[in-house]
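Colleague: Before we begin, I should like to learn how to read the surface, the fold and the cross-links of a model.

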Amino acid sequence: MQYLWKKLLITLFLNSIFFHQLQATEINNTNLLILDKSSSSKYELEFSKTYQFRNLSFELVSCKNIEFDKYLDTAALIKISQEDNIFIGWFFKYTDKLNLYSNKIYEISLIDC
């Protein structure tokens with residue numbers, strides 16, 4: 001009888017790990033707005049994992065909805081690679097002032113995540 005309990009507990013444990021991994025690999029789509037300052041052009045990008053835009057490479061690490069008292073926002077942790085420069089930081093949908101990425105040519109904003 002004790003053997004069956006151990007087997008049942010191990011099975012339940014493995015099932016919970018499996019279902020947790022399925023939820024963790026849920027696909028999130030991200031929409032970014034890129035302003036090209038040199039040509040005054042706007043581009044809207046939609047991607048789920050990685051995206052290559054000219055010499056910029058985007059990788060979505062995480063997407064979160066932030067709720068704190070009456071403060072509601074959407075944030076995306078994005079890795080941006082440009083040649084030898086790598087930036088990893090949070091982009092916010094409603095509080096643009098917290099976006100720390102700076103580039104001479106491109107201005108990047110989060111539209112949705």
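Colleague: How much area does the protein chain expose, and what share do carbon and sulfur atoms supply?

Modeller: Accessible areas come from the Shrake-Rupley method with a 1.4 Å probe, and for residues only the protein chains shown count as cover. Here the protein chain exposes about 8,600 Å², of which carbon and sulfur atoms supply 56%. This is a predicted model, in which local features need pLDDT of at least 70 and side-chain atom pairs count only at pLDDT 80 or more, while totals for chains, interfaces and linings use all residues. Residues are numbered from 1 along each chain as its sequence is written, and side-chain values use heavy atoms, with hydrogens and water left out.

Colleague: What share of the residues counts as buried?

Modeller: Buried means under 20% relative accessible area, exposed over 50%, and partly exposed in between (1.4 Å probe, protein chains only). Of the 113 residues in the protein chain, 28% are buried.

Colleague: Which pattern does the protein chain follow along the sequence?

Modeller: Helices (H or I, at least four residues) and strands (E, at least two) are DSSP runs, numbered from the N terminus. The protein chain has one helix and seven strands, in the order α-β-β-β-β-β-β-β.

Colleague: Which residues does a disulfide join?

Modeller: A disulfide is a pair of cysteine sulfur atoms within 2.5 Å. One is counted, between Cys63 and Cys113, with S to S 1.5 Å. Cys63 lies in strand 4 (residues 56-68) and Cys113 in the segment after strand 7 (106-112), so the pair ties together parts 50 residues apart in sequence. Cys63 is buried at 14% relative accessible area, whereas Cys113 is partly exposed at 25%.
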